[in-house]
Amino acid sequence: MIIAIDGPAGSGKSTTARAVARRLGFHHLESGAFYRALTYAALRAGLPVERWPELEASALDALNVHARPADGAFRLFIGEEDVTEFLRSPEVTAHVSQMARVPAVREWLLSQLREAGRTTDLVCDGRDMGTVVFPEAELKIFLTASPETRARRRLAEQGVTDPDPAELAAEVERLLTRDRLDTEREVAPLRRAADAVLLDTTALDFEAQVEAVVRLAESRRR
């Protein structure tokens, strides 16, 4: 069974998917981690950002990025180095949308993501899991929340649990800019699949949103 969870930045896709996978005994596949790993590898290799649109499959292969299943999820590697812990740095976050818009990147990752779903039950999250990667997924969820709620969650991930109004406004603006980039990109834009269940988590605590997805999954498995 494949459960595809899509939604904008800060909507809680990854944390929700991870918890749902743990509850159901599935593997968690975070597509954003693959994009982030390629972004991190390109930055570390000194590839100029303005040249990224020209990248071809051979250049992406040379970055030597790959994933390995571990503890119900997937870890990202460059060669033999586990780089999973470095993928949410501010520099990577600032450039990942540019990497995601590169046509060769999308084609390069698509087969890897689909291969992961061939032999195991998955909860996957991203921005086009239900529309492009796994259009036949048994359950599709589109998570959303108000911009302010998403901004507070994103700041909390960075250790800012009580942001002042200026910090919050700046993060809201960053998320709205990210939304625009993600929805307007030519390659696999962010959009809700026609058969996806819309789940607004603005008024839900974390346990409630996880429980909502688990209930939907269990109903589809019967």
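What follows is a short talk on one predicted model, from its confidence through its sheet to its salt bridges and a few individual residues.

Thanks, everyone. Since the model is predicted, I will begin with confidence, and there the chain averages a pLDDT of 91, with 99% of the residues scoring at least 70. If we go through the elements of the chain, helix α5, residues 103–116, has the lowest mean pLDDT, at 85, whereas β5 has the highest, at 97. As a general caution, where pLDDT is low, the predicted coordinates should not be read in detail.

Let me turn to the sheet. It is an open sheet of 5 strands, and if you follow it across, the order is β2-β6-β1-β7-β8, with parallel pairing. The edges are taken by β2, residues 27–30, and β8, residues 197–200, and because each of these has a single partner strand, one side of each is left without a neighbour in the sheet. From one strand to the next, the twist averages 20°. Looking at one pairing in detail, strand β1, residues 2–6, runs parallel to strand β6, residues 122–126, and the two are joined by 5 bridges. Within that pairing, I5 has D125 as its bridge partner in β6.

D125 is a good place to leave the sheet, since the side chain of D125 also makes a polar contact of 2.9 Å with the side chain of S14. S14 itself belongs to helix α1, which covers residues 13–24. Is S14 buried or exposed? With a relative accessible area of 14%, S14 is buried, because it falls under the 20% limit for that class. Leaving out residues up to four places away in sequence, S14 touches H28, E30, R88 and D125.

Staying in that part of the chain, P8 sits in the loop between β1 and α1, and with a relative accessible area of 7% P8 is buried as well. Its contacts, once neighbours within four places in sequence are set aside, are K13, R127, F142, L143, T144, R150, D179 and L190. A100, on the other hand, is 92 residues from P8 along the chain, and the C-alpha atoms of P8 and A100 are separated by 14 Å.

Now to the charged side chains. In general, side chains of opposite charge can pair when their charged atoms come close, and this structure holds 16 salt bridges. I have picked out three of them to describe, beginning with R44 and E81, where the closest N and O atoms are 3.0 Å apart. R44 lies in helix α2, residues 31–44, and E81 in strand β5, residues 81–82, so this pair ties together parts that are 37 residues apart in sequence. R44 is partly exposed at 44% relative accessible area, and E81 is partly exposed at 32%.

The next pair stays within one helix: R152 forms a salt bridge with E148, the closest N and O atoms being 3.6 Å apart. Both residues lie in helix α7, residues 147–157, and they are 4 residues apart, about one turn of the helix. R152 is partly exposed, with a relative accessible area of 40%, and E148, at 43%, is partly exposed too.

E171 and R174 give another pair within a helix, with 2.8 Å between the closest N and O atoms of their salt bridge. Here the helix is α8, residues 165–184, and the two residues are 3 apart, about one turn of the helix. Which accessibility class does each partner fall into? E171 counts as buried, at 4% relative accessibility, whereas R174 counts as partly exposed, at 48%. Elsewhere, salt bridges that share partners join R75, D82 and E85 into one network.

I will close with two backbone details. Most residues other than glycine have a negative phi, and most peptide bonds are trans, so which values do we find at N64 and D71? Phi of N64 is near 60°, a positive value in a residue other than glycine, and N64 is placed in the loop between α3, residues 57–62, and β3, residues 65–70. Phi of D71 is near 55°, again positive, and D71 lies in the loop between β3 and β4, residues 73–78. As for accessibility, N64 is partly exposed, with a relative accessible area of 39%, whereas D71 is exposed, with 85%.

Definitions and conventions: Residues numbered from 1 in each chain as written. Predicted model: local features only at pLDDT ≥ 70, side-chain atom pairs only at ≥ 80, totals over all residues. Heavy atoms only, no water. Buried < 20%, exposed > 50% of the residue type's maximum accessible area, 1.4 Å probe, protein only. Polar contact = N/O pair within 3.5 Å; in protein donor to acceptor, adjacent residues only side chain to side chain. Contact = heavy atoms within 4.5 Å. Salt bridge = Lys/Arg side-chain N within 4 Å of Asp/Glu carboxyl O. Pairing = 2+ DSSP bridges. Axes fitted to C-alpha atoms, helices over the stretch in contact; angles between N-to-C directions. pLDDT = per-residue confidence, 0-100.
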